[in-house]
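Reader: Could you take me on a close look at how the charged side chains sit in this model? I would also like to see the nonpolar surroundings they share.

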Amino acid sequence: MQIGTVVLLMILSILNGCSTDKAMTKPHHTKTGFRNLNPDFEDHGLTDVLKWVSGRWSREHSVEPGDYLPFPVIPNDGKVLRENDSKLTVTWIGHATTLVQIDGINILTDPIWSDRCSPVSFAGPKRYTPPGLKLEDLPRIDIVILSHNHYDHTDLPSLKLLEAKHHPKFLAGLGNKSLLKGIGLSDVEEMDWWDSVERKGVKFVFTPTQHFSGRGVADRYETLWGSYAILGKNQKVYFGGDTGYYTHFKEIGEKFDGFDVAILPIGAFEPRWFMSSVHVDPEESVRAFADLRAKYMIPMHYMTFVLSDEKLDSPVPLAEKAFENLKLAADRLVPLKIGESRFF
């Protein structure tokens, strides 16, 4: 079962445990890494992982990707995107990977083109939808933003291919530079929460999320996780990465006076007792959208890899229901198909 490698990685990460050292110069810093600011944050340990896994394997209706195939994919040869040098666009490539174009700058979020999100190429969660845009069809990539170092968000083979062809600037949270420079990326900049970088008039601000980091046995919480505010001359985009629901959404929305587009995760949310601290469900994602004061919401982080227990076709209908419950206009939810581009 594909969930096996995910569970193994979580177990290895948990073995290191969460740092309990006192905060250093900033409240989210510790002596050995970083922490979440929510005092009610639940850090699930090895016992909880085993409880989830055993329950999943014993349930009658476990999620099997084959039950939901084929997923919709829109053919996209990238021609229109390569010709665009001014308009705001978002293209969903799959999972948390989107192409954002703003003020002539081309940005990739958490790029993964690999067939599996895993430390090895022969095992681990398998990709069930092809990338919506081939690597060779991309426009020139100026910036790659990385929300955190989990395998489904920091895919080293994809990053090396992007370096070889585009030589972009890579932005990541504190503590990630050694990993990225170690695979040959030439232009890497680490960021703390609220740090900013400017490129050709577009500002990138690394903003808080509620999540965690770790790629192996002994590095849990050692590198910083986060989200990004992308601030153009007249338009603004928010990329949420992975996150549980907390007050940071409202803080970010107020600080930047809203966004034109918020790209937010809606998948990998069940079981809630286990996932709620680190993954919003669709209802919480819509609440985050309202907190961010964004005009349009583009969902992501679903329909690509099987990482949790919810039905793979459930996130969008749940998000639509949440829009209805909050009396938000339905056309503000933009559930792109993989490969689909939207101009704003």
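Author: Happy to; here is a walk through the charged pairs, then the core and a helix that packs beside one of the same strands. Please keep in mind that this is a predicted model.

Let's begin with the salt bridges, of which the count comes to 13. A good one to start from joins Asp260 and Lys295, whose closest N and O atoms are 3.2 Å apart. Asp260 belongs to strand β11 and Lys295 to strand β12 (residues 294-300), so this pair ties together parts that are 35 residues apart in sequence. The two partners differ in their surroundings: Asp260 is buried, with a relative accessible area of 12%, while Lys295 counts as partly exposed at 47%.

A second pair is Asp187 with Arg199, where the closest N and O atoms are 3.8 Å apart. Asp187 sits in the loop between α5 (177-182) and β6 (188-191), and Arg199 in strand β7 (residues 196-199), so the bridge links parts that are 12 residues apart in sequence. Here both ends are partly exposed: Asp187 has a relative accessibility of 25%, and Arg199 has a relative accessible area of 25%.

The third pair is Asp281 and Arg272, which meet at 3.5 Å, N to O. Asp281 is buried at 15% relative accessible area, whereas Arg272 is partly exposed at 24%. Returning to Asp187 and Arg199, salt bridges that share partners join them with Lys169 and Glu189 into one network.

Now for an acid without such a partner. Asp219, in the loop between β8 (202-207) and β9 (227-231), is buried yet has no salt bridge. The nearest side chain of opposite charge belongs to Arg215 and is 6.2 Å away; a salt bridge would need a side-chain nitrogen within 4 Å of a carboxyl oxygen. What does the side chain of Asp219 reach instead? Backbone nitrogens: that of Arg215 lies 2.9 Å from a polar atom of the Asp219 side chain, and that of Gly216 is reached at 3.0 Å. Arg215 therefore offers Asp219 a backbone contact, though its charged side chain stays outside the 4 Å limit.

Strand β11 brings us to the nonpolar side of the picture. In soluble globular proteins, nonpolar side chains tend to be buried together. The largest nonpolar core in this model has 64 residues, and those touching the most other members are Ile107, Ile145, Phe204, Phe259 and Ile263. Strand β11 (residues 259-265) supplies the largest share of this core, 5 residues. Apart from this core lies another, of 19 residues, including Ile141, Leu146, Leu159 and Ala172. To see how well connected one core member can be, look at Ile263: leaving out residues up to four places away in sequence, Ile263 touches Val90, Thr98, Val100, Val237, Tyr238, Phe239, Gly240, Ile298 and Met300.

Strand β12, home of Lys295, also leads on to helix α9 (residues 315-325). The buried residues of this helix are Pro315, Val316, Ala319, Ala322 and Phe323. They cover an arc of only 115° around the axis, which puts them on the same side of α9. Those buried residues pack against α8 (282-292) and β12. Just after α9, Lys327 takes a positive phi of about 55°.

Two links tie this tour together: β12 meets β11 through the bridge between Lys295 and Asp260, and β12 is packed against by the buried residues of α9.

Key: Residues are numbered from 1 along each chain as its sequence is written. This is a predicted model: local features need pLDDT of at least 70, side-chain atom pairs count only at pLDDT 80 or more; totals for chains, interfaces and linings use all residues. Side-chain values use heavy atoms; hydrogens and water are left out. A nonpolar core is a set of buried Ala, Val, Leu, Ile, Met, Phe, Trp, Tyr and Cys residues joined through side-chain atoms within 4.5 Å. Buried means under 20% relative accessible area, exposed over 50%, partly exposed in between (1.4 Å probe, protein chains only). Helices (H or I, at least four residues) and strands (E, at least two) are DSSP runs, numbered from the N terminus. Contact means heavy atoms within 4.5 Å. Lys and Arg count as positive and Asp and Glu as negative; His and the chain ends are not counted. A polar contact is a pair of N or O atoms within 3.5 Å; within protein, one must be able to donate a hydrogen and the other to accept it, and residues adjacent in sequence count only if both atoms are side-chain atoms. The arc is that of the directions from the helix axis to the C-beta atoms.
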